[in-house]
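Here are some notes to read alongside the model, written as numbered points. Please keep the structure open and look up each place as it comes up.

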Amino acid sequence: MKNLKNISVLLMVFFACVSCKEYLDVKPKGEVIPKTAEEFAALLNSHLSEIDDGYDEAILGNAMEKLELECFSDNVENSLTKNVTGMGAIPKYVGDRLNSFKSEYEKLYALIKNCNLVIHEMEEENTEMAKACYATAYTMRGVAYYNLMRLFCEPYNKQKAGEQLGLSIVTRFDMEARPKRSSLSEIVSLIEEDLKKGISYNSKSEIFRYTVDVAKAYLARLYFWSQNWEQAIPVAKEILEAYPLVEGTEYVDMLSAQHAQKGNILLRSYVLSHVSGDQNYNGAKGYLAVKPVSKSFIDLFVEKERDVRYSFLFNNKREAQKVPLACIRSAEMCLILAESYAYLNQTKEALEYLNLLRSKRISGYTPYTMGNLPAVDEAALVRVNAEGGAFTPLLWAIHCERRKELFMEGDRWFDLKRNGCPEFWIAKDGLKYETKQFMYTAPIPSRDIDLIPGMIQNEGYVK
């Protein structure tokens with residue numbers, strides 16, 4: 001990877017010496033863009049390096065980015081945040097961050113631009129390097145659109161997806177194009193097509209990080225987000241079988257490692273030490289003591305110390321102990337399987353995967369059956385399931401298990417979005433901060449609204 005980083009630096013220096021127009025206008029000035037597969041790889045490597053070094057905030061994320069997502073949710077008590085002299089601002093609620101989501105928007109479309117360059121401008125095809133480049137470009141473009149969809153589109157509605165607003169689709173490099181927003185169903189189809197194309201190259205090159213297994217994990221995520229339960233199951237099952245769950249000290253070591261990718265983690269950020277990554281990691285770790293874990297979260301652990309997560313995730317002062325982690329791991333696939341089977345009313349299989357996860361986390365656990373599932377908490381923040389109906393005890397048990405398992409990994413905010421976008425408020429410094437339903441969907445940056453004729457802003461925001 002060192003050679004690719006060197007090439008990446010040279011390309012960035014070269015591009016800095018030419019005008020923006022010359023760089024973007026690749027057709028008439030072919031000498032401005034890379035020629036060999038190794039040079040094209042450097043375009044992708046600039047993004048991969050940010051992930052490895054722990055300061056990417058848009059593709060896989062970093063420790064501070066995941067902490068902020070937790071601060072938007074009900075996993076921490078923002079009202080009880082301690083004011084610590086010398087520490088910078090951390091969001092009180094999602095409203096503090098909405099305008100700055102434009103940074104993720106711009107960075108993800110910059111990634112899409114570079115992926116398009118690889119896909120359409122690279123002439124080399126049959127070498128191993130070229131195949132790895134194509135696999136990575138298609139996969140990362142699919143990931144970029146997936147991330148954009150979750151941030152800037154409304155929650156997927158199976159009945160209305162053809163009418164819901166999607167994103168501007170850019171699959172070819174064109175300086176003159178000003179695409180308006182597609183439908184949400186079109187975006188889902190594009191992501192599926194890209195991920196499947198990336199999978200078709202069967203890349204297992206660890207250098208490029210986004211291997212065939214990572215692409216499959218994202219495909220399972222996509223099917224899950226778009227409520228395609230039937231198709232989510234075989235993909236998630238394949239990944240779970242290839243990366244079986246770990247337990248006990250191995251589980252704790254896996255999630256505690258500052259740099260190492262251990263256990264059943266398929267991909268993680270911050271595998272290398274870098275000054276910016278160190279700042280994100282240490283900053284997030286420092287904030288854990290000032291953001292008390294919410295009582296509603298702690299109350300989920302009815303087995304208390306028998307659950308390995310109980311003492312690992314937080315202490316008796318309600319201070320979080322698990323440092324936020326940006327990763328993809330197979331426990332998420334297990335939860336996808338349980339919930340997908342539950343929505344298909346295949347309760348035996350849903351219970352099987354729910355109990356599989358619990359058996360790896362709780363010593364002397366009692367398997368759930370349809371007769372001993374805990375009752376749905378009618379006073380809980382979340383009242384509506386992903387399909388808009390009421391929670392059954394089985395779906396509620398899976399929902400709670402997901403909240404426990406993926407704590408400090410940035411999942412809860414999107415799970416709230418997926419399950420009804422519940423409104424809630426916190427009080428801080430004598431003021432009331434409300435998370436309204438529309439805030440779960442970030443605004444399209446005003447620059448795109450101004451530049452693209454007919455571009456529609458998301459509901460709740462001024463055009």
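1. Is E339 buried or exposed? This is a predicted model, and in it E339 counts as buried because its relative accessibility is 5%, where the cut-off for buried is under 20%. E339 is found in helix α14, which covers residues 330-343. Once its neighbours within four places in sequence are left aside, E339 is in contact with F224, L395, I398 and R418.

2. Before going further, please look at the confidence values. The mean pLDDT of the chain is 91, and 91% of its residues reach 70 or more. Residues 2-31 need care, since pLDDT stays under 50 over this stretch, for which the model has 42 contacts beyond four places in sequence. Where pLDDT is low, the predicted coordinates should not be read in detail.

3. The next point concerns the nonpolar core. The largest nonpolar core has 153 residues, and M149 and Y210 are those with the most contacts inside it. Helix α6, made of residues 128-152, gives the most to this core, with 15 residues. Apart from neighbours within four places in sequence, the contacts of Y210 are with L48, I51, I59, L60, T139, M140, V143, Y218 and L267. As general background, nonpolar side chains tend to be buried together in soluble globular proteins.

4. Helix α4 (residues 63-72) deserves a paragraph of its own. Because 10 of its 10 residues are buried, helix α4 is largely enclosed by the rest of the structure. The buried residues include charged types, among them E65, K66, E68 and E70, as well as A63, M64 and L67. These buried residues of α4 pack against α11 (275-287), α17 (412-418) and β5 (424-428). At the start of α4, a side-chain oxygen of N62 comes to within 3.0 Å of the backbone nitrogen of M64.

5. Strand β5, one of the elements that α4 packs against, can be followed into its own pairing. β5 and strand β6 (residues 431-435) pair in the antiparallel sense over 5 bridges, and K428 stands opposite L431 in β6. The two strands form a hairpin with 2 residues between them, and D429 in the turn has a positive phi of about 55°.

6. Two further residues have a backbone angle worth checking. Most residues other than glycine have a negative phi. R318, although it is not a glycine, has a positive phi of about 65°, and R318 lies in the loop between α13 (308-313) and β4 (327-329). N345, also a residue other than glycine, has a positive phi near 60° and is found in the loop between α14 and α15 (347-361). R318 counts as partly exposed, at 27% relative accessibility, whereas N345 counts as exposed, at 66%.

7. Finally, why is C133 not bonded to C115? The sulfur of C115 is the closest cysteine sulfur to that of C133, but the two are 10 Å apart, so they are too far from each other for a bond. C133 itself counts as buried, at 0% relative accessibility. C327 is in no disulfide either, and the nearest cysteine sulfur, that of C334, is 15 Å away. C327 is buried as well, with a relative accessible area of 9%. Over the whole structure, the model holds 0 disulfides.

Terms used: Residues are numbered from 1 along each chain as its sequence is written. This is a predicted model: local features need pLDDT of at least 70, side-chain atom pairs count only at pLDDT 80 or more; totals for chains, interfaces and linings use all residues. Side-chain values use heavy atoms; hydrogens and water are left out. A nonpolar core is a set of buried Ala, Val, Leu, Ile, Met, Phe, Trp, Tyr and Cys residues joined through side-chain atoms within 4.5 Å. Buried means under 20% relative accessible area, exposed over 50%, partly exposed in between (1.4 Å probe, protein chains only). Helices (H or I, at least four residues) and strands (E, at least two) are DSSP runs, numbered from the N terminus. Contact means heavy atoms within 4.5 Å. A disulfide is a pair of cysteine sulfur atoms within 2.5 Å. pLDDT is the predictor's confidence in each residue, from 0 to 100. A polar contact is a pair of N or O atoms within 3.5 Å; within protein, one must be able to donate a hydrogen and the other to accept it, and residues adjacent in sequence count only if both atoms are side-chain atoms. Two strands pair if DSSP finds at least two bridges between them.
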